[in-house]
Amino acid sequence: KTGLSLPGEARGFVNDPAHWSKQSIFSLSYVYEVSATLLQLARAFSIIANDGCDVIPRIILNAPLEQGKRLYKHETIEVIRSILEMTTMQGTAKKAAIKGYRVMSKTGTANMLVNGQYDTTKNIYTCAGIVEKDSYKRVIVTCVKEAEKQNLYASQVAAPLLERIAQRMLIHDKIL
């Protein structure tokens, strides 16, 4: 859980290694056999943006940010940041890129569970990202459930949404 103490928050889930199949190593690389809320995903990206130090989400705008304990080495975080930046520059999140800013993001397209079965006609599209310029850093997570068109990917739905939201935030925050 995120530590925010909101009622009803579910814990994230990673399939226990004792229950892994031969397929699990591949599934896990695509973030299957894993579940998280959007807030938990935002917290994970916030830890990456905060150089591996813990970040407890807060509801109050402009509340002071308390520096959490270091969870990951700086070198590990730099590798992750590079991978996320490559995903934005050359991979599935190209439509999240913003000229003049470092954008590090990851898309996700998942089939929805309907009556305990994955339904290939119903999808959830997500894109989580970090937008940086100098000392300015923002984490954005977008999610679209069941787009109007079929046979789409998060690269076509959620990544462009992240870019549009980031553009408006940059204008609002006067970071141009």
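**Exercise 1. Two unusual phi values**

Where is D51 found? Work out its setting, then do the same for N115.

*Solution.* Keep in mind that we're working with a predicted model.

- Step 1: D51 sits in the loop between α2 and α3.
- Step 2: Check the backbone. The phi of D51 is near 55 degrees, a positive value in a residue other than glycine.
- Step 3: Put that in context. Most residues other than glycine have a negative phi.
- Step 4: Look at accessibility. D51 comes out at 23% relative accessibility, so it counts as partly exposed.
- Step 5: Turn to N115, which is in the loop between β3 (102-114) and β4 (117-133). Its phi is also positive, near 55 degrees, and N115 isn't a glycine.
- Step 6: With a relative accessible area of 77%, N115 is exposed.

**Exercise 2. How α2 and α3 pack**

Describe the packing of α2 and α3, and name the residues that meet there.

*Solution.*

- Step 1: Get the geometry. The axes of α2 and α3 are 9 Å apart, and the angle is about 115 degrees.
- Step 2: Classify it. The range 65 to 115 counts as roughly perpendicular, and α2 and α3 are therefore roughly perpendicular to each other.
- Step 3: List the contacts. From α2 come F45, I48 and A49, and they meet I77, I80, R81 and L84 of α3.

Hang on to R81, as it turns up again in the next exercise.

**Exercise 3. Following the salt bridges**

How many salt bridges does a search of the whole structure find? Trace three of them, and say which parts of the chain they link.

*Solution.*

- Step 1: The search of the whole structure gives seven.
- Step 2: Start with E132 and R81, whose side chains meet in a salt bridge at 2.7 Å, N to O. E132 belongs to strand β4 and R81 to helix α3, so this pair ties together parts that are 51 residues apart in sequence. Both E132 and R81 are buried.
- Step 3: Next take E85 and R102, where the closest N and O atoms are 3.1 Å apart. This pair links helix α3, home of E85, to strand β3, home of R102, across 17 residues. R102 has a relative accessible area of 24%, so call it partly exposed.
- Step 4: Now K122 and E146, with closest N and O atoms 3.7 Å apart. K122 is in strand β4, while E146 is in the loop between β5 (136-145) and α4 (154-172), 24 residues apart. K122 is partly exposed because its relative accessibility is 28%, and E146, at 38%, is partly exposed too.
- Step 5: Look for shared partners. E78, R81 and E132 are joined into one network by salt bridges.

**Exercise 4. Buried or exposed?**

Is T2 buried or exposed? Find out what T2 touches, then contrast T2 with K22.

*Solution.*

- Step 1: Place T2, which lies in the segment before β1 (13-14).
- Step 2: T2 has 0% relative accessibility, so it counts as buried.
- Step 3: See who's around. Leaving out residues up to four places away in sequence, T2 touches E9, L39, Q40, R43, I56 and P57.
- Step 4: Compare sequence and space. T2 and V139 are 137 residues apart in sequence, yet 15 Å apart C-alpha to C-alpha.
- Step 5: Move on to K22, in the loop between β1 and α1 (24-29). At 79% relative accessibility, K22 counts as exposed.
- Step 6: K22 and T120 are 98 residues apart along the chain, and their C-alpha atoms are separated by 23 Å.

**Exercise 5. Back to the α2-α3 loop**

Which residues does R70 touch, and which nonpolar patch includes I59?

*Solution.*

- Step 1: R70 is in the loop between α2 and α3, and so is I59.
- Step 2: Not counting residues up to four places away in sequence, R70 touches D51, G52 and C53. D51 is the residue from Exercise 1 with a positive phi.
- Step 3: R70 is partly exposed, as its relative accessible area is 44%. I59 is at 61%, so I59 counts as exposed.
- Step 4: On the surface, I59 joins L6 and I60 in a nonpolar patch, and together they have about 320 Å² of accessible area.
- Step 5: As a last distance, R70 and G12 are 58 residues apart in sequence and 20 Å apart in space, C-alpha to C-alpha.

Conventions:
Residues are numbered from 1 along each chain as its sequence is written. This is a predicted model: local features need pLDDT of at least 70, side-chain atom pairs count only at pLDDT 80 or more; totals for chains, interfaces and linings use all residues. Side-chain values use heavy atoms; hydrogens and water are left out. Patches are made of residues with over 30% relative accessible area and no salt bridge: like charges are joined within 9 Å, nonpolar side chains (Val, Leu, Ile, Met, Phe, Trp, Tyr) within 5 Å. Accessible areas come from the Shrake-Rupley method with a 1.4 Å probe; for residues, only the protein chains shown count as cover. A salt bridge is a side-chain nitrogen of Lys or Arg within 4 Å of a carboxyl oxygen of Asp or Glu. Helices (H or I, at least four residues) and strands (E, at least two) are DSSP runs, numbered from the N terminus. Buried means under 20% relative accessible area, exposed over 50%, partly exposed in between (1.4 Å probe, protein chains only). Axes are lines fitted to C-alpha atoms, for helices over the stretch in contact, and angles run from 0 to 180 degrees between N-to-C directions. Angles under 35 degrees count as roughly parallel, over 145 as roughly antiparallel, 65 to 115 as roughly perpendicular and the rest as oblique. Contact means heavy atoms within 4.5 Å.
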